[in-house]
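Please load the model in your viewer and keep a selection panel open, since this tour proceeds stop by stop along the chain.

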Amino acid sequence: MEAYKNWVRRNRDYVNSLESLASGLTWLLPERFSESEIGPEAVTAVLGMITAINEHIIDTTPRSQTPAVAIEPHSFPYPLCISMIKELETLVEVAAQQYFGDDKKWNFIALAEAAKVIVRLASFRNSGFRMLLQGGETPNVENSPSPSKLGNHHEPDHFLNMNGRTQWNMEGKALSALSRFRENARKGADPEWLHRVQHQHPVVEPPAAVVQRPTLSKILNERGVSGLLFVLGEALFITRPLIYVLIIRKYGVRSWVPWFLSLAIDFVGVGCLTPLSTLRFGGREEQCQFTDAEKHELKRRKLLWALYLMRDPFFSTYTRGKLESTEKIMEPVPLVGILTEKLVELLSGAQTRYTYMSGS
């Protein structure tokens, strides 16, 4: 296994290119979106899991230099676990649809979504209540201002020291440099230095500052309304897919109730996180600070709202007609008409799979 890990890390560009090519070819598999064909989805799921494992190996590549701030690593590979569940979910959906029918397949999809909710909540807690990037598939370890600092005017020590320039680190580096200078001078002046160095005091090395993860109660107590809004927004983002599936089980996929309720949850969840400017509560200001990665994550979540155009009943009522009319318009155009027909076929086929349009 170590040999495979080393090979993947040495050839990461080649591995990424090969995985992208294989992933693209899976969309051309015959009967990819057939209700009776599990084979193509099984191939896609296996390739997806291999890709997730390789990405995890690359992401966990040991660094050549020890960072100034040592953050406690995850005891459990949450990003890998979430990726594996997502890859298996499509296969579960197709198999359940074939063996149990369209109605009962939602029971198995709900189980898969519940598993993702559990893992994501655990990852959210284990990360110190940082924003989940890519649904938790990308670790949020950037050591710059983060959502866990919402409304923070009197920062605790573990936030002030995250840039690695604490007072102890500066003093330790100075003492270390002086000790090395003194011993280098002794080397040149005293040939017997090597025999006496063991009797000298060891060189002082600055210890790595370990960042303590804030607890939920601490965030709510110290950040007030800002902390509550952040936790609520993340909780809605994590649980929205499960709520959506459970409502579909009750009302059916053709009902507008799941569609509107899911969209409302997305609006409220992002609305809790969007106000990055100064907020005023009770006559005082609270500043919401996000890293660049977290700002991009907020934009990504808003872009996912476009998937509502591809979900029933909106798709069958409006989007399908627009796609078919566009296909008819482009049909006489050489080459473009063929590409448009294939694109509409792929979109219509992908729309039949919940997991392709879930955005979770």
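A residue counts as buried when its relative accessible area is under 20%, as exposed when that area is over 50%, and as partly exposed in between. This is a predicted model, and the tour returns to those cut-offs at several stops.

Begin with the whole chain, coloured by secondary structure, where 14 helices and four strands can be picked out. Of the 360 residues in the chain, 38% are buried. If you draw the contacts between residues at least 6 apart in sequence, 75% of them turn out to join residues at least 24 apart.

Now select residues 2–10, which form helix 1, together with residues 12–26, which form helix 2; their axes come within 5 Å and cross at roughly 85°. With that crossing angle, helix 1 is roughly perpendicular to helix 2. To see what makes the contact, show the side chains of Trp-7, Val-8, Arg-9 and Arg-10 on helix 1, and those of Arg-12, Tyr-14 and Val-15 on helix 2. Sorted by class, the residues of this contact comprise four nonpolar and three charged, with no polar ones.

Move next to helix 3 (residues 39–59) and helix 4 (residues 78–126), whose axes come within 9 Å and cross at roughly 180°. Helix 3 and helix 4 are therefore roughly antiparallel to each other. On the helix 3 side, select Glu-41, Ala-42, Thr-44, Ala-45, Gly-48, Met-49, Ala-52, Ile-53 and His-56, and on the helix 4 side Leu-80, Ser-83, Met-84, Glu-87, Leu-88, Thr-90, Leu-91 and Val-94, which together make the contact. This contact has 10 nonpolar, five polar and two charged residues. While looking at how such side chains are spaced, recall that an α-helix has 3.6 residues a turn, so residues three or four places apart point the same way.

Continue past helix 4 into the loop that leads to helix 5 (157–160), and centre the view on Phe-129. Phe-129 has a phi near 60°, which is a positive value in a residue other than glycine. Is Phe-129 buried or exposed? Its relative accessibility is 9%, and because this is under the 20% cut-off, Phe-129 counts as buried.

Helix 9 (residues 225–251) is the next selection, and it bends by about 45° at Thr-239, with a proline, Pro-241, following within four residues. Beyond the end of helix 9 comes Gly-252, whose phi is positive, near 95°.

Then select Asp-312 and Pro-313, and check the peptide bond from the former to the latter, which is cis, with omega near 5°. Pro-313 lies in the loop between helix 11 (292–303) and helix 12 (314–330).

Follow the chain through helix 12 to the loop before helix 13 (336–351), where Leu-335 is found. Leu-335 has a positive phi of about 65° although it is not a glycine. Its relative accessible area is 59%, so Leu-335 counts as exposed, whereas Phe-129 is buried.

Finish with the cysteines Cys-81 and Cys-272. How many disulfides does the structure hold? There are zero. Cys-81 is partly exposed, at 21% relative accessibility, while Cys-272 is buried, with a relative accessible area of 14%.

Terms used
Residues numbered from 1 in each chain as written. Predicted model: local features only at pLDDT ≥ 70, side-chain atom pairs only at ≥ 80, totals over all residues. Heavy atoms only, no water. Axes fitted to C-alpha atoms, helices over the stretch in contact; angles between N-to-C directions. Helix = DSSP H or I, 4+ residues; strand = E, 2+ residues; numbered from the N terminus. Parallel < 35°, antiparallel > 145°, perpendicular 65-115°, else oblique. Contact = heavy atoms within 4.5 Å. Nonpolar A, V, L, I, M, F, W, Y, C, P; charged D, E, K, R; others polar. Disulfide = S-S within 2.5 Å. Buried < 20%, exposed > 50% of the residue type's maximum accessible area, 1.4 Å probe, protein only. Bend = angle between axes of the 7 residues up to and from the residue.
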